[in-house]
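This report describes one protein model, beginning with an internal space and ending with the chain as a whole. Please keep the structure in view while reading.

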Amino acid sequence: MQPRNMSMSGVVDLAAVKAAQEAKAKAEQARAEAARQGTGTGAVSPADLVIDVDEASFERDILQRSTEVPVVIDFWAEWCEPCKQLSPVLERLAVEYAGRFVLAKIDVDANQMLMQQFGIQGIPAVFAVVAGQALPLFQGAAGEAQIRQTLDQLVQVAEERFGLTGLAVDPDAEPGPAPSVPEIPVGPYDALLEAAVQALDAGDFGGAIQAYKNVLSDDPGNPEAKLGLVQAELLQRVQGLDPQQVRTDAAQKPADVGAQIAAADLDLVGGHVEDAFGRLIETVRRTAGDDRDTVRLRLLELFEVVGAEDPRVAAARRALARALF
């Protein structure tokens, strides 16, 4: 059965969906109706916080459930090595957050229509659905600190804007099997990482990028290689740009996504972190569809360059959430 009463492209494009207050009202109406009919969700066990979802159960387990609790969707596949690093972290956090969100796992190989409808270009990809509205969270491997920040913002927005306080969890219920802990590859990566640093010092950004990718091909969660890669890619993007022309284009073409992204890259390299973040957040507000997602993904990359612990990143993440909703 296909998802009914929805346009996936419209749901993912939050600029095209109805206002948050209307979504909140619908969520409240759905909860009231479930309570009247005695079909609402009671206390659940920890094992119920992580569910497998397919096309047949999408409407019940994600759309309907999202009127009671934020649903985080983990798009994964058996062959995807980064998925094997990310999924256990999401599963563990779903239990730790104790009902403030539910994790729905979708195997893209078995549910390619859902993958296409969400416009996913690569996995792992993580979305959230709140009161019937979908929000892209991040794509690719992410560190636990970044994931926690994103989940905290999601829970806060769900409660403040939609009145979703989550599910009650039965403390006496069986917790279910613990998610397996992926094996962390053992280096040594010192030689590859040193080669990357030497390439950066020599201005060989392409060589540095390849060296970091070589580490990540064996160890997708390697923090030094992940940070080095996004930094090297940023430096490669701005190499050869004419700063004056880039800033002129950005000023004269506020609706040009490419011009705003290039200016934000230059802002960050020049140390103007808040300017870079603010420019892209404002561009997110003005855009929709693929353009909006392109800007959002670049902003997430710049967050990684600065570091999740930086308070400017935390503030920008909150502003991004407001812009998307």
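## The cavity and a helix pair

The largest cavity has a volume of about 160 Å³. The model is a predicted one, and the structure holds one cavity of 30 Å³ or more. Its lining consists of 14 residues. Leu135, Leu137, Thr150, Gln153 and Leu324 are the ones that lie nearest the centre of the largest cavity. Four elements, β5 (133-139), α6 (144-162), α13 (289-306) and α14 (311-324), each supply at least two residues of this lining.

Helix α14 also packs against α12 (residues 273-286): the two axes come within 9 Å and cross at roughly 10 degrees. Angles under 35 degrees count as roughly parallel, and α12 and α14 are therefore roughly parallel to each other. On the α12 side, the residues in contact are Val273, Glu274, Phe277, Ile281, Val284 and Arg285. They meet Arg312, Val313, Ala316, Ala319, Leu320, Ala323 and Leu324 in α14.

The table gives the residue classes for the cavity lining and for the helix contact.

| Site | Nonpolar | Polar | Charged |
|---|---|---|---|
| Lining of the largest cavity | ten residues | two residues | two residues |
| Contact of α12 with α14 | ten residues | no residues | three residues |

Leu324 appears in both places: among the residues nearest the centre of the cavity, and in the contact of α14 with α12.

The protein chain as a whole has 14 helices and five strands. Of its 325 residues, 48% are buried. Among contacts between residues at least 6 apart in sequence, 72% join residues at least 24 apart.

Note on methods:
Residues are numbered from 1 along each chain as its sequence is written. This is a predicted model: local features need pLDDT of at least 70, side-chain atom pairs count only at pLDDT 80 or more; totals for chains, interfaces and linings use all residues. Side-chain values use heavy atoms; hydrogens and water are left out. On a 1 Å grid over the protein atoms alone, a cavity is a set of points where a 1.4 Å probe fits but cannot get out, and a pocket is an open set with protein on both sides within 12 Å along at least five of seven lines; lining residues have an atom within 4 Å of a point. Grid points are joined across faces, edges and corners, and a volume is the space filled by probe spheres set on the points. Ala, Val, Leu, Ile, Met, Phe, Trp, Tyr, Cys and Pro count as nonpolar, Asp, Glu, Lys and Arg as charged, and the others, Gly among them, as polar. Axes are lines fitted to C-alpha atoms, for helices over the stretch in contact, and angles run from 0 to 180 degrees between N-to-C directions. Angles under 35 degrees count as roughly parallel, over 145 as roughly antiparallel, 65 to 115 as roughly perpendicular and the rest as oblique. Contact means heavy atoms within 4.5 Å. Buried means under 20% relative accessible area, exposed over 50%, partly exposed in between (1.4 Å probe, protein chains only).
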